[in-house]
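Open the model in your viewer and keep the selection tool ready. The tour goes stop by stop.

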Amino acid sequence: MALIPIGRTLAQTARLQRVVSLHLHVSPRVAICANRHLYHRPRHYTITPLLYHAEHFDAFPSQLASAPPDFLPKASAPSPVPQTLTEKIVQRYSQGLAEGKFVKSGDYVTLAPQHCMTHDNSWPVATKFMSIGATKIHDPKQIVMTLDHDVQNRSEKNLTKYRQIEEFAKKQGVDFYPAGRGIGHQIMVEEGYAWPGTLAVASDSHTNMYGGVGCLGTPVVRTDAASIWATGRTWWQIPPIAKVTFIGVLPVGVTGKDVIVALCGLFNNDEVLNHAIEFTGSPETLDSLPIDDRLAIANMTTEWGALSGLFPIDSILQGWLRAKATEAHLYPSNSATSSSTTSRFSHDKLDDLFARPLTADKGATYAKELFLDLSTLSPYVSGPNSVK
């Protein structure tokens, strides 16, 4: 359904409708799902500033980004092989690629992730690691261990497991965060391991959370984690990639949790099952989503069935990272059993990051595109027993 601003001429309206019909790559099943929701739950739409200024554009920003250059003259010339943000990050961390090879969705690649995190399952991973004859972790700087899942369990069995993990981490020289230090995924983000434009994995299904800060985070099973410990590598098939475009502005009192619960309920027929997701929108729209909300949305793309949920590297992220870099130098608070936070957070490193921020190419191919108007959302409650 196209949103046509008041004041547009009939010819301009016809042209906009042609653009929308050519570039809305949403399957009929997705459209039916959304319409069914509207029939059962009418919504009240208001004219947001974004829609009010729509007469200056021929399509949504995401459509302009994916339009072929010969169709919309204002689009810049694409790179030789246009890639999504997900594909660009995977390209960086793929090993042994043929010269001139540009990775695409569907390709099998050998990955050397920037970081691999394990939590309370570190000891089961260690037993798999030792069972294949490995004795030394390939790259201690690549591995992070955190204890966070069962910290209230004071039984001797659990405390013994925690001691074994800590002793193993110390012997191998990897960064270790003991019970009580914090939740592993938050440590990965707040201590700078999940860095924008990099690829990080963890033996936990909510590794998707790292996408909230522009880091491609995806889960691995324990056997894959053990192989990364031993060799520094694992393999991955690049999944189909879905683009989710936000429009409008998030109302006051509505949070990122409401956004992802709404998405799970609106698109509840496995539209993004086993997909990598890229979230996008106009600067005005994304400015209404602070990093905390982005982390909540990215985290729960797991409940939506996705393998990752990636936000762009933009000015909101830059402001958050600058604050973290300053905080790291003013109040060093990292664990005594880990490397210094300032080794990861620095303003010089941020200067390099934002001098050449990684972005999706114009004309990049997505398996599907979904749209959500944030201004129509209100606080949600899901249930029973399912976010769908």
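**Stop 1: helix α12.** This is a predicted model. Select residues 291–299, which form helix α12. Is this helix mostly covered or mostly uncovered? Mostly covered: 7 of its 9 residues are buried. Colour them now: I291, D293, R294, L295, I297, A298 and N299. Next, show what lies over these buried residues. The cover includes four helices and two strands by name: α8 (184–190), α10 (256–266), α11 (283–287) and α13 (315–330), with β10 (276–281) and β11 (308–310).

**Stop 2: the whole chain.** Zoom out. The protein has 14 helices and 12 strands. Of its 388 residues, 50% count as buried. Now turn on contacts between residues at least 6 apart in sequence. Among these, 77% join residues at least 24 apart.

**Stop 3: the cores.** In soluble globular proteins, nonpolar side chains tend to be buried together. Here the largest nonpolar core has 60 residues. Which of them touch the most other members? Select V90, M145, Y210 and W229. Then move to another core, which lies apart from that one and has 29 residues. F246, L250, V259 and A306 are among its members.

Return to W229 and display its neighbours, leaving out residues up to four places away in sequence. W229 touches C116, T118, S122, V125, A126, F129, K136, I137, H138, I143, M145 and F168. Keep S122, A126, F129 and F168 in view, as these neighbours of W229 return at the next stop, in a contact between two helices.

**Stop 4: α6 against α7.** Two packed helices are described by the angle between their axes and the distance between the axes. Select α6 (residues 122–131) and α7 (residues 156–172). They pack at an angle of about 60 degrees, and their axes are 9 Å apart. The two helices are therefore oblique to each other. The crossing of α6 past α7 is left-handed. Show side chains at the contact. From α6 come S122, W123, A126 and F129; from α7 come K161, Q164, I165 and F168. By type, the contact residues divide into 5 nonpolar, 2 polar and 1 charged.

**Stop 5: the loop between α10 and β10.** Pick N268, which is found in this loop. N268 is partly exposed, with a relative accessible area of 27%. Draw a C-alpha to C-alpha distance from N268 to G305: it reads 9.7 Å, for residues 37 apart in sequence.

Now pick D270, in the loop between α10 and β10 as well. What is the phi of D270 near? The value is near 60 degrees, positive in a residue other than glycine. Most residues other than glycine have a negative phi, and most peptide bonds are trans. D270 is partly exposed, with a relative accessible area of 38%.

**Stop 6: the segment after β12.** Find β12 at 368–373 and continue to P384, in the segment after this strand. The peptide bond joining G383 and P384 is cis, with omega about -5 degrees. Step on to N385, found in the segment after β12. Phi of N385 is near 70 degrees, again a positive value in a residue other than glycine. Is N385 buried or exposed? N385 is exposed: its relative accessible area is 85%, and the cut-off for exposed is over 50%.

How values were computed
Residues are numbered from 1 along each chain as its sequence is written. This is a predicted model: local features need pLDDT of at least 70, side-chain atom pairs count only at pLDDT 80 or more; totals for chains, interfaces and linings use all residues. Side-chain values use heavy atoms; hydrogens and water are left out. A nonpolar core is a set of buried Ala, Val, Leu, Ile, Met, Phe, Trp, Tyr and Cys residues joined through side-chain atoms within 4.5 Å. Buried means under 20% relative accessible area, exposed over 50%, partly exposed in between (1.4 Å probe, protein chains only). Contact means heavy atoms within 4.5 Å. Axes are lines fitted to C-alpha atoms, for helices over the stretch in contact, and angles run from 0 to 180 degrees between N-to-C directions. Angles under 35 degrees count as roughly parallel, over 145 as roughly antiparallel, 65 to 115 as roughly perpendicular and the rest as oblique. A crossing is left-handed if the near helix is turned anticlockwise from the far one by less than a right angle, and right-handed if clockwise. Ala, Val, Leu, Ile, Met, Phe, Trp, Tyr, Cys and Pro count as nonpolar, Asp, Glu, Lys and Arg as charged, and the others, Gly among them, as polar.
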